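Reader: I'd like a close look at one part of this model, with the neighbouring charges and packing filled in around that spot. Could you walk me through what is there?

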Amino acid sequence: FFAESDFSTLLQVSLVFNTVWVILFTFTGLYNFHYAKSRIDEFISIFKTISLGVLILFLITFEGERDLETPPRLSRMFIANYWLVLLICTSSSRLIFRTIQRALLTAGLGHRRTLIVGWGKKSWDLVEELKKFPALGYNIIGFVAENENESKTNNHYKSIPLLGNIQEIDHLIDENKAQEVILALKGNTRKKALDVMAQCNGTTVKFKIVPDMYDIVIGQMRTNQIYGLPLIDIEPRYMPAWEHQVKRLMDIFFSAIVLIGFLPIWLLVGIIIKLESKGPALYKQERVGLNGKSFMIYKFRSMIQDAESKSGPQWATKKDPRITKLGNLLRKVRIDEIPQFINILAGEMSLIGPRPERPFFVDQFKKEIPFYARRLKVKPGLTGWAQIKGGYDTSIENVKEKLQFDLFYLENMSLRMDMKVIFNTIYIMVSGKGH
């Protein structure tokens, strides 16, 4: 296998190997280039990833007793050489890349627009520390005061302006195109941090906080120290990078299987819908997705045509008179949701996640329900923990209850959790308990 001399075979094998390495590097986060990472940390990550990949290659090509009972063949020794060459070449190229990246960041290129929440010695000292290490990639564009009194006068610290106060931080982020927010708070930092994050729900900024020494000493917070500067990333990562990539691959795989493999059935469903009632077989509606971006969701029509033309937006209910006889059956076995696999293939949705809601209701919920917008931090899903645990949304109280299930899913988001939701959804479809 490793002693192959035919050029076309070598080309095919090389394409397969390169694809595998790209996938493996993606899953292990080696394509994240947000800042000038430590070159030692980079080498350790590369060493572990390449060693894992070569080990997998060795096991795939392992020939059992033949390899155990005979001396190592030349083709088997190539694996060790392959590992060494990969490690040297990849590490060297990454070292050059990181050196260039560090030089560009030090020159001020590629910096992220950053707001510092806090006004006083703590935030000013933070600015001085960040100026010492430009390779961190922060461009401080302004301060945000903790209270309104501090922001009444037009203050500056070394040409960096005080832009406003926490109460208007979401607008300041939009106006100044901020990419990151660092919290350098005084007093009860935990409560204030929650308040800031709640107000900024729906924005795409990343949050970091300067921790209190007490929290560090007693081990309640784990710092990510770069150049000795402790900053804590408080923007939750709901899934490890490799699980997130696997989740996306699962979305694409299952969507293709369902849409293409059962296409004759879906065409038949569409024809029956057309025959039973007036209107198109497919129904589309605007929904709110990841980070508050709107998209058009697709479903098999299960209601009469123009069901909301007179009433305006409203929730569906049990025994809803707008639902057709066929639509009631489609909803029970969830077949009305099948066209949403188109949204999943397009990357607007995922198999598992909070259900996407209409802009009309999202605007209402964000005003009345604290932390509702946290649902917008992940892709909406075809099914989810709240859907298998709850029923129709019929009131604000019902939405609040289902939000608890959504938040539980976000805090425990994993491939294991997704599989649990999938199996429960299949059970609901088979048993006809859907809504």
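Reader: Let's start with Lys177: does Lys177 count as buried or exposed, and at what relative accessibility?

Author: Keep in mind that this is a predicted model. Lys177 counts as exposed, because its relative accessibility is 63%, and the cut-off for that label is over 50%. You'll find Lys177 in the loop between helix 6 and strand 5, the strand being residues 180-183. What catches the eye here is the backbone: the phi of Lys177 is near 50°, a positive value in a residue other than glycine. Most residues other than glycine have a negative phi.

Lys177 has company in that respect. Asn291 isn't a glycine either, and its phi is also positive, at about 60°. Asn291 sits in a loop too, this one between strand 9 (282-288) and strand 10 (294-300). With a relative accessible area of 25%, Asn291 is partly exposed.

Back to helix 6, which covers residues 169-176 and holds Asp174. Asp174 counts as exposed because its relative accessibility is 56%. On the surface, Asp174 belongs to a patch of negative charge, together with Glu148, Glu168 and Glu175.

Now for the charges that do pair up. There are 11 salt bridges in the structure. One of them joins Lys121 and Asp125, with 2.7 Å between the closest N and O atoms. These two are 4 residues apart in helix 5 (residues 121-132), so about one helical turn separates them. Lys121 counts as exposed at 62% relative accessibility, while Asp125 is partly exposed at 35%.

Other bridges reach across the chain. Arg355 pairs with Glu337, and their closest N and O atoms are 3.4 Å apart. That pair links distant parts of the chain, 18 residues apart: Arg355 is in the loop between strand 11 (350-352) and helix 13 (359-368), and Glu337 is in the loop between helix 11 (325-332) and helix 12 (340-345). Both partners, Arg355 and Glu337, are buried.

Arg375 and Asp406 make another such link, their side chains meeting in a salt bridge at 2.8 Å, N to O. Here the partners are 31 residues apart, with Arg375 in the loop between helix 13 and strand 12 (381-383) and Asp406 in helix 15. Arg375 and Asp406 are buried as well. Salt bridges can also join into a network, as they do for Glu42, Arg94 and Arg98.

That leaves the nonpolar packing. The largest nonpolar core has 42 residues, and the members that touch the most others are Phe300, Phe341, Phe365, Ile369, Tyr372 and Tyr409. Helix 15 (residues 396-411) gives this core its largest share, 6 residues. A second core, separate from that one, has 20 residues, among them Ile166, Ile169, Leu183 and Met197.

So where does this bring us with your loop? Lys177 follows helix 6 and leads towards strand 5. Helix 6 carries the exposed Asp174, one of the residues in the negative patch. Strand 5 spans 180-183, and Leu183 is in the second core. If you're checking backbone angles, Lys177 and Asn291 are two residues with a positive phi that are not glycines.

Key:
Residues numbered from 1 in each chain as written. Predicted model: local features only at pLDDT ≥ 70, side-chain atom pairs only at ≥ 80, totals over all residues. Heavy atoms only, no water. Patch = residues over 30% accessible without salt bridge, like charges linked within 9 Å, V, L, I, M, F, W, Y side chains within 5 Å. Areas by Shrake-Rupley, 256 points an atom, 1.4 Å probe, with all protein chains shown as cover. Salt bridge = Lys/Arg side-chain N within 4 Å of Asp/Glu carboxyl O. Lys, Arg positive; Asp, Glu negative; His and termini not counted. Charge placed at Lys NZ, Arg CZ, Asp CG, Glu CD. Buried < 20%, exposed > 50% of the residue type's maximum accessible area, 1.4 Å probe, protein only. Core = buried A, V, L, I, M, F, W, Y, C linked by side-chain atoms within 4.5 Å.
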